[in-house]
Amino acid sequence: NAEYMGTEQKTALQVSLASVKQKNGFRKVYFWGKIMGSNNDYFVVQGVTDDYLKNRKTLYSLNCMEWNNLTVEVTEKLMEVAHKVRGRFKGDPAHEFEIVEQVTKDGEEVEDTMTIKEEERLACVIQMIDCEGAVSPRGAFKLTPEGNVMLNNNFQGQEMTDASKLSSYFHFYPPENLFESALLAKANHDKALDFLTPLEQDIPRGSWSVQQEHSNNLVTLRSLWWPGLVGYNIINQPKFGYVYFGTGEKNQDLPFML
């Protein structure tokens, strides 16, 4: 991602990730991506403690050196407002967006004004992207009998025939109910591995683009809902993940484009 990050930023990021991991007692820390604002960009990382899926902590930085915990509680009401915001992020966590809507009250048309801080919008958008765009290859993670999601140490990567199929990938986001999802898995599925929502169930069909790259050593998945979200899977190696480099805006026109 050289075109998205300068050498200085990359160096600062590598140094500060080690310190973020230590300070927060994370088992692992991942670079989540970058949301580009009109004045400043948000660099985002996520830390994992005991469970790879639940209770992930999100931190953001404007300079790759000083990190803030994103502690905003994303409520249904807040998410509703965030969905209505249009336009770019500014790069100022304290900036307030104002949404004015025409609503009918007592038979009269009145203006309803809602506000949302940029930091709140950031928390909502990261959650939206995690919910709709975070991906993992089948078998990379396992659900333990105690209900924890852990890396599957037996996972050695996928062959190209499997890696290039959309059916080989899951949403890496907690389903409504982990156990229920595992129990509902088809008879020929493995309950310890098939506990997440398959990407091929996404609506509309065609909202993911799967491509073989780099002389067939790598498969990428691109979300058409979230331009800038890329999942990657290195063939025959347990190396995979996803990263987002975009403006934090969803492609609302997608259903009309397919």
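Start by selecting lysine 34: with a relative accessible area of 5%, this residue is buried. Keep in mind that you're looking at a predicted model. Now add aspartate 41 to the selection, since its side chain meets that of lysine 34 in a salt bridge, 3.6 Å from N to O. Unlike a residue under the 20% cut-off for buried, aspartate 41 comes out as partly exposed, at 21% relative accessible area.

That pair belongs to a bigger set: searching the whole structure turns up seven salt bridges. For another one, pick glutamate 101 and lysine 84, whose side chains meet at 3.3 Å, N to O. Glutamate 101 sits in strand β5 and lysine 84 in helix α2 (residues 76-84), so this contact ties together parts 17 residues apart in sequence. Colour by accessibility and glutamate 101 shows as partly exposed at 26%; lysine 84 is partly exposed too, with 30%.

While you're on β5, show residues 96-105 along with β6, residues 108-117. The two strands run antiparallel, and ten bridges join them. Click valine 100 and then look across to β6: which residue is its bridge partner? It's threonine 113. Next, go to the hairpin of β5 and β6, where two residues lie between the strands. Check the backbone of aspartate 106 there, which takes a positive phi near 50°.

Last stop: select glutamate 213 and arginine 222, a salt bridge whose closest N and O atoms are 3.3 Å apart. Glutamate 213 is partly exposed at 22% relative accessible area, and arginine 222 is partly exposed at 32%.

Key:
Residues are numbered from 1 along each chain as its sequence is written. This is a predicted model: local features need pLDDT of at least 70, side-chain atom pairs count only at pLDDT 80 or more; totals for chains, interfaces and linings use all residues. Side-chain values use heavy atoms; hydrogens and water are left out. Two strands pair if DSSP finds at least two bridges between them. Helices (H or I, at least four residues) and strands (E, at least two) are DSSP runs, numbered from the N terminus. A salt bridge is a side-chain nitrogen of Lys or Arg within 4 Å of a carboxyl oxygen of Asp or Glu. Buried means under 20% relative accessible area, exposed over 50%, partly exposed in between (1.4 Å probe, protein chains only).
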